[in-house]
Amino acid sequence: NIPAYRVDLFDGPARLGSWRVIVGKTKTPTPEFRAEAKGVILNPWWEVPASIVAESVGRMLARTPKTAAAKGYVKQGTRYRQAPGPDNQLGRMKLDFPNAYSIGLHDTPSRQLFEREKRAFSHGCMRVDNPMDFAATLLGPPASRDSLQTFVDTSRETQTIKFAQPIPVIVTYLTAEVGDDGALTVHDDVYRKNPRTAAAFSPGVSDCLD
């Protein structure tokens, strides 16, 4: 749920876990869509989008190639990529999550941003907190948070672990939702998509909608 800055895992009506996420900035919003995740990729390569190549990475490779190399950036033909490592913008884990929007759900090296209450900082992708716990929960035994963390701490080899069956992913935008305890929570309308909901729960305004 984008306004909640949160991803939940459900098995039917049962919520198995929740993790904080960072979503797209207002200028580069995360879209609403449905797709299927096929597995987990550890130590992923990052295929740098053309917009970010134009914004910064292309200039870095041209002007300060040693700095770019130290951060893992390479140009292969017309492709700009970043190798696995601590500076990789996907972090150490991403979902194998093909979709029409090229939106990823992945780790991040900028972990300090999860301490913010409002977390709209990305170019559109979703960055997840506690990524190895998230991945291990999706994979189930024998995978564990510790085993996945040990792998990425001791190797930069890219490894894909498939799910037993694809997991449906729904990226939605709900500014009002009912929690497991039955309480209503109203979230900040970060992309200003639901002004009537925000108005209905503003101080001094009736909570009834026409």
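A strand, in the sense used here, is a DSSP run of type E with at least two residues, and strands are numbered from the N terminus. In this predicted model, one such element is strand β5, which spans residues 73-76 and contains tyrosine 73.

Tyrosine 73 offers a suitable place to begin. Is this residue buried or exposed? A residue counts as buried when its relative accessible area is under 20%. Tyrosine 73 has a relative accessibility of 8% and therefore counts as buried. Its surroundings can be listed by name. When neighbours within four places in sequence are set aside, tyrosine 73 is in contact with Trp46, Val48, Val57, Met60, Leu61, Ala68, Arg81, Gln82 and Gln89. Leucine 174, by comparison, is separated from tyrosine 73 by 101 residues in sequence, and the two C-alpha atoms are 37 Å apart in space.

The discussion now turns to aspartate 129. This residue belongs to the loop that runs between β10 (126-128) and α3. Aspartate 129 has a relative accessible area of 8%, so this residue is buried. Which residues does aspartate 129 touch, leaving aside its neighbours within four places in sequence? They are Trp19, Arg20 and Phe114. With one of these, arginine 20, there is a polar contact: the side chains of aspartate 129 and arginine 20 are joined at 2.5 Å.

Beyond this loop lies helix α3, formed by residues 131-139. Helix α3 is mostly covered, as seven of its nine residues are buried. These buried residues are Pro131, Met132, Phe134, Ala135, Ala136, Leu138 and Leu139. Just after the helix, glycine 140 adopts a positive phi of about 75°.

Helix α3 packs with helix α4, which comprises residues 145-154. Their axes are 8 Å apart and form an angle of about 125°. How should such an arrangement be described? Angles under 35 degrees count as roughly parallel, those over 145 as roughly antiparallel, those from 65 to 115 as roughly perpendicular, and the rest as oblique. The helices α3 and α4 are therefore oblique to each other, and their crossing is right-handed.

The residues that form this packing can also be identified. From α3 come Met132, Asp133, Ala135, Ala136 and Leu139, and these meet Arg145, Leu148, Gln149 and Val152 of α4. Sorted by class, the contact of α3 with α4 has six nonpolar residues, one polar residue and two charged residues. Among the α3 residues in this contact, Met132, Ala135, Ala136 and Leu139 are also listed as buried.

Conventions: Residues numbered from 1 in each chain as written. Predicted model: local features only at pLDDT ≥ 70, side-chain atom pairs only at ≥ 80, totals over all residues. Heavy atoms only, no water. Axes fitted to C-alpha atoms, helices over the stretch in contact; angles between N-to-C directions. Helix = DSSP H or I, 4+ residues; strand = E, 2+ residues; numbered from the N terminus. Left-handed = near helix turned anticlockwise from the far one by under 90°. Contact = heavy atoms within 4.5 Å. Nonpolar A, V, L, I, M, F, W, Y, C, P; charged D, E, K, R; others polar. Buried < 20%, exposed > 50% of the residue type's maximum accessible area, 1.4 Å probe, protein only. Polar contact = N/O pair within 3.5 Å; in protein donor to acceptor, adjacent residues only side chain to side chain.
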